[in-house]
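Please look over the sequence and the structure shown here before reading the report that goes with them.

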Amino acid sequence: MKKKQRSLEQENLRTGTSPEVLAQALLDNLYYVQGRPPALATKNDWYMALAYTVRDRLLHNWLQTLKTIATDVKVVSYLSAEFLLGPQLGNNLINLGIWDQVKEAAAQHGLKLEDLLEQEGEPGLGNGGLGRLAACYLDSLATLEVPAIGYGIRYEFGIFDQEIRDGWQVEITDKWLELGNPWEICRPEIVYRVGWKGFTESYADAGGHQRRRWVPGRVVKGEAYDYPVPGYRNRVTNLLRLWAAEAVESFDLADFNVGDYYGAVQEKVLSETVSKVLYPNDEPEVGKRLRLAQQHFFVSCSLQDMMRIHLLTQKSLENFYETFAVQLNDTHPAIAVPEMMRLLVDEHIFPWEQAWEITRNTFAYTNHTLLSEALETWPLPLFAEVLPRHLEIIYEINRRFLDEVRRRYPREEDRAGRLSLIDERGDKYVRMAHLACVGSHAVNGVAALHTELLKQTVLQDFYDLWPEKFLNVTNGVTPRRFLALSNPGLSRLISSKIGETWLTQLEELRRLEEFAEDPEFHRDWRQVKLENKKTLASLIHERTGIPVNPESLFDIQVKRIHEYKRQHLNVLHIITLFNRLKQHPEQDITPRTFIFGGKAAPGYFMAKLIIKLINSVAEVVNNDPDVKDRLQVVFFPDFNVKNGQLVYPAADLSEQISTAGKEASGTGNMKFAMNGALTIGTLDGANVEIREEVGPENFFLFGHTAEEVRSLKAGGYAPHHYYHDQPELKKALDLISSGFFSHGDRSLFTPLVHSLLCRDEYLLLADYRSYVDRQEEAGYIFKDEKRWTRMSILNAARMGKFSSDRAIREYCGQIWGVKPL
C-alpha cells in the first residue's frame, strides 16, 4: 500500500508507467472517459479505458516529438490509399516497453491483459500487402527517429469481413468503428475543401496575364483524424493523419422547412460516400468514379495540409521539397502530381516551370506490380468529367514531356506513343504509372528481381530515358509486430541467447547460427513451435470445427486469393497425395495439415471459385477414413493482421508459389521465415533474396524462372501436353472434373479446369511436377527432426536483411535525403 501511495505521489497519472499508476489511470479513464463504474463495465469498457490510458503515454511522447520537428527538419510524407495497421494496443505496449506493467495493472482490477487484447477489433484500413507495408514503414520511421506523417483515408467501412458458407466466400460489412476507436483524435479545425466535376475557364489576373481556373461542380470537406505511431522504446511518436469526407453544409434548413426531409440531408449523404468504404467495386462505372474521387480527395487534403505546415515556418512554397519528401505508395496517389501543379499554378500563382521543378523534386514513386492489367488507368471521358482541370494539366505535362522524348529520340514516334501519359489506343486512357514516373525524381521497385523486370518490361522505355531515376528498395517487415508481439515465446528464447538489441538491429539474429547445432537450443526451439501450433490448432477448431493435429507438418498458404498466387497448384498437390493414399493406403507419408487463408476480390469469380475448390477438397479429405489422420485441409476464414499474428508463428512450411515474374516482392514470405518456417517457392519477388540469404540448401526451390516463363510462352505454351504426359496431374484434374469434390456436379469447377487446360496463364501445369517433387522432399526432411530444426533456426537467423528498418534507411539515404532527429 505504501509503495502504491509513493508511486501515485511521484508519478504523473497521465504519463507514469509503474503498475500502481497505470492501475489508477485505468480506473480514472473507466470513470471519466467511459462513464462506467467497475461493477457495470463491459469488457469493451475496460478495453477502451486501457487504450485511453496507453494513448495518454503516446500523446506525451508525440507532443515532445512535435517540438523537435517544429525546427528546420525534413519530414517524410507517405501517401497511401491503405494502411493495414492491425490491432494497436499490443503493438503500442511493446513499443512503449510497458507490457509487464500494464499486465500487472490490469490484474489489480481482476482483468487479464490477454482478454483485453482479444477485445480489440481489426482496423479495416487496408486490403493486403500494400497497406501492411505502409504500416510497417510507419513503425520503422518512428523507431529510427525519422520525422514522418502518413496520409490516407479514414474509411468508415473497411475491407469486408469474410465468412464461408457452403464453401463459398461471403462478404460481410466491416463495421470496425461501431464500438468506438480510442486511438484516433478528431481534428475538426483541420479541414480542407476538395472539388470535383464542374468546368474550367480563362480569366485575366491583376497583371493582365491569361490564366485558367477551375469552378468545381461539387465540393466536400476533408476532416483530419490523427493516430499516434510510436517508435520502439525511444520516446519518438510520429503521426498518421487520415481524412474523412464531410458535407460543406450537412443540413439544409430551407429544404427541411418545406417538407423535403431527404433533400435536407442529401448533401451530407453524398459527401460522406467518398470515405465510406475501402476500394468500392470498380467494375461498374459508378464504382470507377467513386474510386477516382477517393484518390483525389485524400491527396488533395494531404497536399493542402503539407503546404499549410510548410508555410507556418517558411515564407514561400518555392523550397517546399526541402520540408517534405513525399512518397507515392503505388499509383493510387499518383493524382498528386497534377493536383500539386494545380495548387501551385492556379492557387499560389507560380510559373509553370518553377511549379514543375518543385513538383518533381517533391515526389518519389514506388511501383508494386508487374501485372500490366494492375497498372492503373482511367478512361478519358470519366477523368474529364470528374477532374476537368487536372486533365488539362496532364495534357500540358504530356505535351512538354513528349517534346523532350522527341528531341531525344527523333523519328521514333512509336516510342513517344508508348511513353505518352495518354493511351491513345481504343477508348483512350490516362496512364497513372506513367504520370507517376514523369512527375517523380525517383522510381523504385520492391525486390531486386522486380526492379530488374520493371526496367526490362512494363517501364523499360522510362528506364531507357532516365536510368538514373530507377533503383531498388527491397521490402521489409517490422520485427516488433511480427516477432516480439506475434511470437513472444520465440522472442524470449532469442533474447535469452543474444540479448534484446536484435529488435532494432535485426541483422544480429545471425548470432543464432552458433546455436544451430546445440541440442538444448533445438529442444527449446521445437517446443516454442509446438506451443504455437497448439494455439493455432485450438483456434482452427473453434472457428471451423475441424480438429487438426499439431504434431503434423503445418503447410500454410495465406495471402490474397489470385490466380497468379496459385493456391490451386497447392490444391493439385493435395489431391495428388489423396490419390496416392487411396491407391496405396499403406504408404508412409508425413502427416500434414494444409492451411489456407485469404480474401478474394468480390468481383473476381475465378478467385472465389478457388476458395470453393479448397473447401470442397477439405470436405472430402477430412472425412475420408483412409487419409484423414495423415492429410487435413483447412480454409481459415477472415485472414487479417490479427489472425496472421497467430498463423505466422505456427507454420512449418511457407507456400510462396506464385508464377516467377508476377509477384513484385511479397512480405508474407518474410514474416514466415522470420518465425522459423521453411519456404517452398519459385524464384519470384523477394523469394530470390530470401534464398540467397538463408542458403539454397535451406529453401525448397521449384518451377520455371521468369526468363523461362517468357520463353515458354513465346514458344507457344501448350498446357494440355503436360496434362497428357503426367499421369498424376491428369488424374488430379480428372477427379475435379468428375464431380468427386462437388457432390456429383461436373460443371461446378469446369471454368477452373478449362482455364488450366486451354490457357493456363500462370503455368500451373508446367510447374506441377517440380512442385510435387520438392514437396515430397520437404515431407521427407520434416521426419528428420534434427535437420529440420537446424534449417528452421538458420532461416530465422539469416532474415536480418528483411527488416523494414533496413528498407527505411535505404529510402532515407537514396531517395528522401532525410536524417533522423
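The report below treats a sheet, a helix pair and one lysine.

This is a predicted model, in which local features need pLDDT of at least 70 and side-chain atom pairs count only at pLDDT 80 or more, while totals for chains, interfaces and linings use all residues. Residues are numbered from 1 along each chain as its sequence is written, and side-chain values use heavy atoms, leaving out hydrogens and water.

An open sheet of nine strands follows the order β5-β8-β9-β2-β1-β10-β11-β15-β16, with mixed pairing (strands pair if DSSP finds at least two bridges between them; strands are DSSP runs of E with at least two residues, helices runs of H or I with at least four, numbered from the N terminus). Because β5 and β16 stand at the edges with a single partner strand each, one side of each is left without a neighbour in the sheet. Strands β1 and β2 run parallel and are joined by four bridges, and Y78 stands opposite G150 in β2.

Three helix angles are listed here, each taken from 0 to 180 degrees between N-to-C directions, with axes fitted to C-alpha atoms, for helices over the stretch in contact (heavy atoms within 4.5 Å).

| Helix | Partner | Angle |
|---|---|---|
| α3 (residues 43-69) | β9 (237-247) | about 100 degrees |
| α12 (residues 352-362) | β11 (363-366) | about 45 degrees |
| α7 (residues 129-143) | α33 (residues 804-816) | about 75 degrees |

The axes of α7 and α33 are 9 Å apart.

K565 is found in the loop between β17 and α22, and at 7% relative accessibility K565 counts as buried (under 20% relative accessible area, with a 1.4 Å probe and protein chains only). Among the residues in contact with K565, leaving aside neighbours within four places in sequence, are Q557, I657 and E663.

Definitions and conventions: Buried < 20%, exposed > 50% of the residue type's maximum accessible area, 1.4 Å probe, protein only.
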